[in-house]
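Trainee: Before I use this model at the bench, I should like to understand the terms applied to it. May I ask for the reasoning behind each one?

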Amino acid sequence: MAPRVRLHLLFVIWTLADPARLGPDSEGDGGWQQRGPREPAAVAEEERCTVERWANFSYAKFVQYYAFSRPVILQGLTDNSRFRALCSRERLLASFGNNVVRLSTANTYSYQKVDLPFQEYVEQMLHPQDPTSLGNDTLYFFGDHNFTEWASLFQHYSPPTFSLLGTTPAYSFGIAGAGSGVPFHWHGPGFSEVIYGRKVLYFPDRWWHATLNLDTSVFISTFLS
């Protein structure tokens with residue numbers, strides 16, 4: 001008899017927190033939300049999230065209950081106030097607007113790649129996506145970076161302090177428009193931090209999940225491999 005395979009699914013929704021709840025160094029939404037103050041988000045947020053969340057969580061409990069079995073949202077795990085400020089729309093355009101970035105399609109294998117100046121991506125392509133569009137029709141900036149060109153930014157990022165024995169971190173920085181995301185897929189363990197949302201999500205090894213950006217989102221993932 002073939003062994004039974006347990007399938008784990010996680011649907012991750014990225015959204016920016018209410019600017020009023022952010023600290024004095026947060027610069028609100030960083031200038032990334034271009035819609036009017038009364039316009040709703042491009043995608044409605046569900047009222048209930050079933051992923052457990054903790055603040056001031058110990059590493060011992062993390063390893064015992066989550067590291068190898070299920071996802072968890074960890075709040076207060078990092079302090080990236082400086083990095084957050086540097087990731088505002090105005091500052092990133094001033095520092096990296098002329099840099100060429102590589103966009104990928106939001107499908108499992110990211111077949112299509114498009115290179116263009118970062119400023120052109122932000123000003124012309126970073127808009128709410130048509131909810132009926134397919135993942136392989138959606139291009140956005142994540143994963144493919146020239147780390148030498150972006151080193152002045154990444155050196156200010158403080159990754160989550162929790163790690164797994166025998167792994168090394170690899171970073172993936174991204175900026176995506178509302179309604180964009182990645183269909184169901186899996187990879188190794190790691191953390192995803194919403195820069196303006198002050199949440200850190202941990203996902204275990206080979207945990208099936210998908211992502212959806214409710215608003216324009218700036219995020220960084222730390223993959224442990």
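Trainee: How many cavities of 30 Å³ or more does a search of the whole structure find?

Mentor: The model is a predicted one, and the search of the whole structure finds one cavity of 30 Å³ or more. The space in the largest cavity is about 30 Å³.

Trainee: What makes a residue part of the lining of that cavity?

Mentor: A lining residue has an atom within 4 Å of a cavity point. The residues that line the largest cavity are Tyr121, Met125, Leu126, His127, Gln129, Thr138, Leu139, Tyr140, Gly177 and Ser180. Helix α4 (118-125) and strand β6 (139-142) each supply at least two residues of this lining.

Trainee: How does the lining of the largest cavity divide into nonpolar, polar and charged residues?

Mentor: The division is five nonpolar, five polar and no charged residues. Gly counts as polar in this scheme, and Tyr as nonpolar.

Trainee: Why is the pair of Phe62 and Phe162 called tilted?

Mentor: Two rings pair if their centres lie within 6.5 Å, and planes that are neither under 30 degrees nor over 60 apart count as tilted. The ring centres of Phe62 and Phe162 are 5.0 Å apart and their planes stand at 35°, so the pair is tilted. It is one of the 24 aromatic pairs that the structure holds.

Trainee: What parts of the chain does the pair of Phe62 and Phe162 link?

Mentor: The pair links distant parts of the chain, 100 residues apart. Phe62 belongs to helix α1 (residues 59-65), whereas Phe162 is in the loop between α5 (151-154) and β7 (169-176).

Trainee: Are Phe62 and Phe162 buried or exposed?

Mentor: Buried means under 20% relative accessible area. Phe62 has a relative accessible area of 0% and is therefore buried. Phe162, with 7%, is buried as well.

Trainee: Why, then, is the pair of Phe154 and Phe173 given the name edge-to-face?

Mentor: The angle decides the name, since planes over 60 degrees apart count as edge-to-face. The planes of Phe154 and Phe173 are at 65° and their ring centres 5.7 Å apart, so the pair is edge-to-face. Phe154 in helix α5 and Phe173 in strand β7 are 19 residues apart, and the pair links distant parts of the chain. Both residues are buried.

Trainee: Which residues do ring pairs link into a cluster?

Mentor: The cluster consists of Phe83, Phe96, Phe118, Tyr121, Phe141, Phe147, Trp150, Phe154, Tyr157, Tyr171 and Phe173. Tyr121 is also among the residues that line the largest cavity.

Trainee: What is noted about the phi of Asn56, and what makes Asn56 exposed?

Mentor: Phi of Asn56 is near 55°, a positive value in a residue other than glycine. Asn56 sits in the loop between β2 (53-55) and α1. Exposed means over 50% relative accessible area; Asn56 has 77%, so Asn56 is exposed.

Trainee: How do you know that Arg206 counts as exposed?

Mentor: The cut-off is again over 50%, and Arg206 has 53% relative accessibility, so Arg206 counts as exposed. Arg206 lies in the loop between β10 (199-203) and β11 (208-213), and its phi is near 55°, a positive value in a residue other than glycine.

Trainee: What percentage of the protein chain do buried residues make up?

Mentor: Of the 225 residues in the protein chain, 46% are buried. The chain has five helices and twelve strands.

Technical notes
Residues are numbered from 1 along each chain as its sequence is written. This is a predicted model: local features need pLDDT of at least 70, side-chain atom pairs count only at pLDDT 80 or more; totals for chains, interfaces and linings use all residues. Side-chain values use heavy atoms; hydrogens and water are left out. On a 1 Å grid over the protein atoms alone, a cavity is a set of points where a 1.4 Å probe fits but cannot get out, and a pocket is an open set with protein on both sides within 12 Å along at least five of seven lines; lining residues have an atom within 4 Å of a point. Grid points are joined across faces, edges and corners, and a volume is the space filled by probe spheres set on the points. Helices (H or I, at least four residues) and strands (E, at least two) are DSSP runs, numbered from the N terminus. Buried means under 20% relative accessible area, exposed over 50%, partly exposed in between (1.4 Å probe, protein chains only). Rings of Phe, Tyr and Trp (its six-membered ring) pair if their centres lie within 6.5 Å; planes under 30 degrees apart count as stacked, over 60 as edge-to-face and the rest as tilted.
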